[in-house]
Amino acid sequence: MSERKKYLLVLAGGRGSRMGAECPKQFLEIGGKAILRVTIEKFISADPSTKVIVVLPKDHISTWKAYCRDNNFFVEQTLVEGGMTRFHSVKNGLAKVPDGTLVAIHDGVRPLLSPSMINRLFALGGKYPAVVPVFPCVDTIKVLGEPDGDGIRHEKEGAKADRSELFCGQTPQIFQSETIRAAYSLPFDTAFTDDAAVAYAYGVELSYTQGEKFNLKITTPEDLTLAEAIMKIDEQVPRTI
């Protein structure tokens with residue numbers, strides 16, 4: 001059996017309202033480059049043969065084209081119009097992914113993952129139909145009720161959370177393309193917060209593996225500041241794992 005070709009489906013269809021910036025957060029710069037560009041470059045660095053599909057807001061497709069042209073970013077890409085929700089955006093992008101391939105579905109504003117992690121996930125994707133990176137939850141978890149008028153919450157009686165069993169889901173999530181495309185034939189459900197949830201609802205067995213601590217999703221101005229600091233450290237001492 002020949003090795004499956006690799007596809008990156010990068011989601012950059014959000015507006016980034018929590019960032020409070022004039023432009024969508026994927027176009028903000030980190031280390032002198034657009035966040036979306038840094039994200040794509042990580043995958044191309046891991047394997048230059050990876051095919052790239054970028055899902056963008058309809059009214060910002062021209063913005064991204066202009067950025068690539070003006071900044072000599074000539075990685076071949078298929079640009080796709082985003083949908084009403086993340087679910088619909090992924091579905092639009094998957095329409096461009098052929099069967100018999102591996103597809104990494106990744107948040108466009110997670111630019112700090114390492115190429116070695118990408119290669120490891122793709123290697124596992126050749127063995128398992130759905131591979132999801134996770135990272136252990138290190139904080140103490142509290143199960144609380146609704147806040148009162150002063151914004152105070154109280155613990156729910158009898159409710160317990162075992163930190164050793166709790167993990168934070170990350171992307172890229174790697175799927176055998178025919179499997180995840182079939183899963184996205186399901187009707188939309190608000191419970192589908194990531195692609196793993198869609199696959200699970202379709203009956204796909206999920207395989208979880210170690211993610212990376214610095215593989216954060218840039219959502220707020222504080223995240224952007226932290227990401228800049230991490231990039232500077234990486235430039236001085238590149239991560240190997």
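These legends go with a few close-up views of a predicted model.

**View 1. The second largest pocket and what lines it.** Here we're looking into about 340 Å³ of space. The lining is made up of 20 residues, and those closest to the pocket's centre are Arg86, Gln173, Phe192, Thr193 and Asp194. Sorted by class, the lining is a mix: seven nonpolar, seven polar and six charged residues. Helix 3 (86–94) and helix 6 (195–202) each chip in with at least two lining residues.

**View 2. The buried side of helix 3.** Phe87, Ser89, Val90, Gly93 and Leu94 are the buried residues of helix 3. They sit on the same side of the helix because they cover an arc of only 165 degrees around its axis. As for what covers them, the list includes strand 1 (6–11), strand 4 (51–56), strand 5 (77–81) and strand 6 (102–107). Helix 5 (177–183) and helix 6 are also part of that cover.

**View 3. The largest nonpolar core.** This core has 27 residues, and the ones touching the most other members are Leu36, Ile40, Phe43, Val54, Leu56, Trp64 and Phe122. At least two residues each come from strand 1, helix 1 (35–46), strand 4, helix 2 (61–70), strand 6 and helix 4 (115–125). Helix 1 gives the largest share, with five residues. Apart from this core lies another, of 25 residues, with Ile53, Val80, Val97 and Ala199 among them.

**View 4. Zooming in on Val54.** Setting aside neighbours within four places in sequence, Val54 is in contact with Val10, Ala12, Leu36 and Ile40, and also with Gln77, Thr78, Leu79 and Val80.

Notes
Residues numbered from 1 in each chain as written. Predicted model: local features only at pLDDT ≥ 70, side-chain atom pairs only at ≥ 80, totals over all residues. Heavy atoms only, no water. 1 Å grid on protein atoms, 1.4 Å probe; cavity = no way out; pocket = protein on both sides within 12 Å on 5 of 7 lines; lining within 4 Å. Points joined across faces, edges and corners; volume = space filled by probe spheres on them. Helix = DSSP H or I, 4+ residues; strand = E, 2+ residues; numbered from the N terminus. Nonpolar A, V, L, I, M, F, W, Y, C, P; charged D, E, K, R; others polar. Buried < 20%, exposed > 50% of the residue type's maximum accessible area, 1.4 Å probe, protein only. Arc of directions from axis to C-beta. Contact = heavy atoms within 4.5 Å. Core = buried A, V, L, I, M, F, W, Y, C linked by side-chain atoms within 4.5 Å.
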